[in-house]
Amino acid sequence: MKIHIQNGMVWQKDSFVSQDLVIDGACIAYAGPPIPPEADSSVLDASGQYLLPGIIDCHAHVTMVGGSHHMATFFAENECELTLEGAINCEKMVRHGITTARDCGGKRRETFALRDFIRKGAILGPRLLCSGTPLKIVGGHEPGFNVTGPVEARRAARQFLYEGADFIKVMITGGLGKAGEDPGAVEMEPDEIAAIVCEAHKRGKKVACHCHSRAGMEILLDAGADSIEHATYLDPEINTRIIEQGVYVVPTFTPYEIAAASEIGCGILPDAILNSRAIIGEKRRRLKEAFEQGVPIAFGRDSGGFFMDQGEFADEMLYMQNAGMPAAAIIQSATENAAKCLGIWDETGSLEAGKSADLLFLKKDPLEDLTAFRNDLEKVCVSGKILS
C-alpha cells in the first residue's frame, strides 16, 4: 500500500516548502504540490511537522563502543563480539535518524556481515558502506591492515575489493589514538597511496583518507583520493586544490571536542586530551575559512570514539555551527553533500521521486535549533518502512 503524506513542510535543497510525498514500497513515488490521494493509499497527516532526508554519516565505526578506552576495548574483543556490538549500534543509529552510514574501519570483515544482514532485512540498521579496515603502515594510526611499499598496498587494495569493500580507507597521517602519536606526521608514502587509489578507481570505488596535516593532504590530492577525513590543518591554498578536484572534507569534530573538554585522569589518554586541546581552535577556524571559500563539506562524526553515543549526532552539528557553519549548510552536509561524497546521490540524500524513502519527521524546525534532531524526532522512515 502506498503512503500519502500530506501537510508537511518538506526539505528541498536548503529550506522547507509545503509539499506532499507519496511513498510506494521502498521509494518515493511523488514529491510536489498537494494532490488527491489515490484510493488505495494510506494517508498520513504531517501537519506541523518538518520532513527531511535521513541523515548520512560519512565517518562511522559501528563496531566501536565509545568510553574512555574505546580502542583498547575494540582490540580486546573478537570479531563475534564486535559483530554483536555492531548490531546493537546499527539499530541505535537508525532509530536516531541516521539512515546511511559509511563505516571507516572495523577489524576486518565483521562490518561486511552487518551490512549484508541489514540489506537482507534480517537486522535493523542504516544503509552501510564498508571499508573493512583501513590500510596503514606498520606502527601507524590504528586500527588497520599493515602495508609496506606500493606492491603490498596494491595487493591489499585488490584483496579488500575482492572481499567486498565498498570503498578503501587509508591512514595518511597519525592521529590521537595512542600515546606518543603525532596527528600531523605523514605515514603513508606517495607511491603507496597512489597504488591504492589506482586500484580502487579502476573498480569504480572511492578512497577516503584519514589526514590531519597539510603535507598529508598534498600527498592524497596528488594521488587523486576522494575525501579527507578530519582535515585539521586546511589552508586557503590547499582549499583551492580541494575545490578544483571535487574532493570532500569530512571534519569529524566530536571526538576532538570531547577530548579537549576532558580533564586529565578521566580515562582518556593524556596525549589525546593535550593534542585535542592543541588543535581544536585551529580546526574550528580553518573549517569556517574552508566553508566560506567553497570547500565541499560532508557530515561525519567518527562515531564510537571517546564517550560517544552511536545514535547521537546533533552534537556534531552543534560543533560545526560553533565553528561558523550555518544550520542550512550543516543539514546540506548531512544529506545532499554526504550522498554525493559517498557516490549514492542517485539513491538517497534528498526527498524526490525515485529516491529511497529515507526520511525524518521533526516536530520543530531544525533551522531554528539543530537540537530538534535530538529532542523533537517524531518518526523515522527507512526504505519506506516507518519504524515503530
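Which residues is Arg115 in contact with, leaving aside its neighbours within four places in sequence? I started my notebook with that one, and I kept in mind that this is a predicted model.

**Entry 1: Arg115**

I found Arg115 in helix H3. Leaving aside neighbours within four places in sequence, I listed its contacts as Leu128, Cys130, Gly164 and Asp166. Next I looked at the polar atoms of the side chain, and one of them lies 2.7 Å from the backbone oxygen of Gly164. Is Arg115 buried or exposed? Its relative accessibility is 6%, so I wrote it down as buried, since the cut-off for buried is under 20%.

**Entry 2: the rest of helix H3**

I then went through helix H3, which covers residues 110-119. Arg115 has company here: Glu110, Thr111, Phe112, Leu114 and Ile118 are buried as well. What covers the buried residues of H3? I noted helix H1 (70-76), helix H2 (79-96) and helix H4 (149-163) among the covering elements. Two strands are also included, E7 (98-103) and E8 (127-130). After H3 comes Gly121, and I read a positive phi for Gly121, near 80 degrees.

**Entry 3: Thr133**

From strand E8 I moved on to the loop between E8 and strand E9 (135-136), where I found Thr133. Thr133 has a relative accessibility of 3%, so this threonine counts as buried. Which residues does Thr133 touch, not counting those up to four places away in sequence? My list has Gly105, Gly106, Lys107 and Arg108, then Pro143, Gly144 and Phe145, and finally Phe160 and Lys169. For Gly106 I could add a distance: its backbone oxygen is 2.8 Å from a polar atom of the Thr133 side chain. I also checked Thr133 against Ala298, and the two are 165 residues apart in sequence. Their C-alpha atoms are 21 Å apart in space.

**Entry 4: a cis bond at Pro143**

Pro143 was on the Thr133 list, and I gave it a second look. Pro143 sits in the loop between E9 and strand E10 (145-146). What kind of peptide bond joins Glu142 and Pro143? I found a cis bond there, with omega at about -10 degrees.

**Entry 5: H4 beside H5**

Helix H4 had come up as part of the cover over H3, and here I looked at how H4 packs with helix H5 (residues 190-202). Their axes are 8 Å apart and make an angle of about 30 degrees. That makes H4 roughly parallel to H5, because angles under 35 degrees count as roughly parallel. I noted the crossing as right-handed. Which residues of H4 meet H5? On the H4 side I wrote down Gly149, Pro150, Ala153, Arg154, Ala157, Arg158 and Leu161. On the H5 side I have Asp191, Glu192, Ala195, Ile196, Cys198, Glu199, Ala200 and Lys202. Sorted by class, this contact has eight nonpolar, one polar and six charged residues.

**Entry 6: H7 beside H9**

I tried another helix pair, H7 (residues 236-245) and H9 (residues 270-293). At what angle do their axes cross? I noted roughly 45 degrees, with the axes coming within 10 Å. That makes H7 oblique to H9. This crossing is right-handed. Pro236, Asn239, Thr240 and Ile243 come from H7, and they meet Glu289, Ala290 and Gln293 of H9. By class I have three nonpolar, three polar and one charged residues in this contact.

**Entry 7: positive phi outside glycine**

Which phi value does Lys13 have? I read a positive one, near 70 degrees, in a residue other than glycine. Lys13 is in the loop between strand E1 (3-12) and strand E2 (15-24). Phe307 is not a glycine either, yet its phi is positive at about 55 degrees. I placed Phe307 in the loop between H9 and helix H10 (314-323). With a relative accessible area of 42%, Phe307 is partly exposed.

**Entry 8: Ala72**

My last stop was Ala72, which lies in helix H1. Ala72 is partly exposed, as its relative accessible area is 46%. How far is its C-alpha from that of Met317? I noted 27 Å between the two C-alpha atoms, for residues 245 apart along the chain.

How values were computed: Residues numbered from 1 in each chain as written. Heavy atoms only, no water. Buried < 20%, exposed > 50% of the residue type's maximum accessible area, 1.4 Å probe, protein only. Helix = DSSP H or I, 4+ residues; strand = E, 2+ residues; numbered from the N terminus. Contact = heavy atoms within 4.5 Å. Polar contact = N/O pair within 3.5 Å; in protein donor to acceptor, adjacent residues only side chain to side chain. Axes fitted to C-alpha atoms, helices over the stretch in contact; angles between N-to-C directions. Parallel < 35°, antiparallel > 145°, perpendicular 65-115°, else oblique. Left-handed = near helix turned anticlockwise from the far one by under 90°. Nonpolar A, V, L, I, M, F, W, Y, C, P; charged D, E, K, R; others polar.
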